[in-house]
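Please walk through this structure with me, moving from its helices to its sheet, then to its cores and to a few individual residues.

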Amino acid sequence: MAIKPHFERYTKRQLWFYTRRAFWILVAWVLISNVMFFYEFITLKSNSVLSSSYDLFSAIMANLIVAISAGLIGGIVTVNLMERWLRRLVFWRALLYLIIAYTITAFLVGSFGAIYIKSEELGIPFYSLEVLWETRYFFGSWLFIKNYIIWLFIVLTTLIVLMVNDKYGPGVFPDYLIGRYFRPKHERRIFMFADIKNATGIAERLGEEKYFNFLKDFFRHIAPAIVQTRGEVYQYVGDEVVVSWKMKWGLKHGNAVQCFYSMKKIIAYKAPKYLKRYGVVPEFKVGLHYGTVMVGEIGQIKRDIAFSGDVLNTTSRIQAMCNELDVEILASKPFADIAYKLPKGVTKKELGKEKLRGKTEEIELVTYLKK
């Protein structure tokens, strides 16, 4: 089977996600760079350290060139590579690769600013050999060493924010940071329970270690589908993952339903790797429902954000009905009624009322079909 170039594998949602993230990294780094530049300029000027030959315009332009170059290279390439290394490699090796990649980038980006400054100082084109030759002295200066250390800290902070944000889910970390859930509160949420079919049989066939890696790969592969639809991983329970959406994001563009189809698309693409490594491709079923839950921080030794309410039990029971009704996706009709905006090519099919295990009242269910 021909392997597609890496860029062809991205869906529009993936491209939009990484483009948006790169844009905000660019904006943040340019702002940080300008704040640092003007703070240093005001400090030096107030202490009468700057010489009369100091060219403020050239210094501002050089700073912008460096900041924008760093933001573009860092946001599009470096940060994504570093994040991948931190997830997939042992820490010492990831740290080594990170330092090497950062150093190469620092020299590259620093060259842009230094070449511009030297070109302005000497009054000759930036591509002149004299400019390039004079630029080499910049890398031994205190300015370069200082910026190298400061920006290493900024890059590491960016990576930490991205990884912590992934741990709590997109949008959850800022809420956690500002103490939004310090006191329990009611919140309307959409929930999706996704469970691997025949997990017990697969576990018996693969053995403990291989099955653990099987689950690890599955959860890692479906993560982009969750992130790109603005979902938040609430918890992993054995072979099951519980995903939650704030109402706004779950309904927008049919995100909650789209998540299921994006997960299927990713696993279908990865099927050859699963067959080669494990001899089986994971199939899964999902249940969707929404309602009001109580949400708040919980725990003393290990704090987390927890949800409680009948909505979770009902969603779990809906997902369990997939086997009986021989479908891969089930949703409550109340959810289907408000989630009227569906992904392209997806239609809903009503299945009538069913009695869920442990429930006294029947609930109307629907499934979704894709052309």
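**From the helical spans to the buried sheet**

What follows concerns a predicted model, and each value below is computed from its atoms or taken from a record.

A convenient place to begin is the UniProt record, an unreviewed entry, which places the feature "transmembrane region" at residues 21–39, 59–82, 94–117 and 137–164. Two of these spans can be set against the model itself. Residues 21–39 are 100% helix and 0% strand, with end C-alpha atoms 27 Å apart, while residues 94–117 are likewise 100% helix and 0% strand, and the end C-alpha atoms of that span lie 34 Å apart.

Helix 3, residues 91–122, allows a check on its geometry. Its 32 residues, at 1.5 Å a residue, should span 46 Å, and because the end C-alpha atoms are 45 Å apart, the model agrees with that expectation. The residue that follows helix 3 is Gly123, whose phi is positive, near 70 degrees.

Turning to the strands, strand 4 is a useful reference, since it pairs with strand 1, with strand 6 and with strand 5. The pairing of strand 4 with strand 1 (residues 185–196) is antiparallel and comprises 12 bridges; within it, Asp195 has Lys285 of strand 4 as its bridge partner. Strand 6 (residues 329–332) runs parallel to strand 4 and is joined to it by three bridges, with Gly287 standing opposite Leu330 of strand 6. Strand 5 (residues 304–308) pairs with strand 4 in the antiparallel sense over five bridges, and here Ile298 has Asp304 of strand 5 as its partner. How many of the 15 residues of strand 4 are buried? The number is 12, so strand 4, residues 284–298, is largely enclosed by the rest of the structure.

The nonpolar cores come next. In general, nonpolar side chains tend to be buried together in soluble globular proteins. The largest nonpolar core of this model has 42 residues, and those with the most contacts inside it are Met192, Phe214, Leu288, Phe335 and Tyr368. Helix 10 (residues 255–278) supplies the largest share of this core, namely 10 residues. Apart from that core lies another, of 18 residues, and among them are Trp29, Met82, Trp85 and Trp151.

Why does the structure hold zero disulfides? A disulfide requires two cysteine sulfur atoms within 2.5 Å, whereas the sulfur of Cys259 has its closest cysteine sulfur, that of Cys322, 14 Å away, which is too far for a bond. Seen from Cys322, the closest cysteine sulfur is that of Cys259, at the 14 Å already given, so no bond is possible from this side either. Cys259 is buried, with a relative accessible area of 0%, and Cys322 is buried as well, with a relative accessible area of 1%.

Two polar residues repay a closer look, because buried here means under 20% relative accessible area. Gln319, found in helix 11 (residues 310–325), has 4% relative accessibility and therefore counts as buried; its side chain makes a polar contact with the side chain of Glu240, at 2.7 Å. Ser332 belongs to strand 6, is buried with a relative accessible area of 0%, and has a side chain in polar contact with the side chain of His289, at 2.7 Å.

Finally, the backbone deserves a word. Most residues other than glycine have a negative phi. Asn198, however, has a positive phi, near 50 degrees, although this residue is not glycine; Asn198 lies in the loop between strand 1 and helix 7 (199–206) and is exposed, with a relative accessible area of 52%. Arg230 also has a positive phi, near 65 degrees, in a residue other than glycine. The loop that holds Arg230 is the one between helix 8 (208–228) and strand 2 (232–237), and with a relative accessible area of 28% Arg230 is partly exposed.

Methods. Residues numbered from 1 in each chain as written. Predicted model: local features only at pLDDT ≥ 70, side-chain atom pairs only at ≥ 80, totals over all residues. Heavy atoms only, no water. Buried < 20%, exposed > 50% of the residue type's maximum accessible area, 1.4 Å probe, protein only. Core = buried A, V, L, I, M, F, W, Y, C linked by side-chain atoms within 4.5 Å. Helix = DSSP H or I, 4+ residues; strand = E, 2+ residues; numbered from the N terminus. Expected span 1.5 Å × (residues − 1). Pairing = 2+ DSSP bridges. UniProt positions renumbered as here; feature names shortened; annotations may be inferred. Polar contact = N/O pair within 3.5 Å; in protein donor to acceptor, adjacent residues only side chain to side chain.
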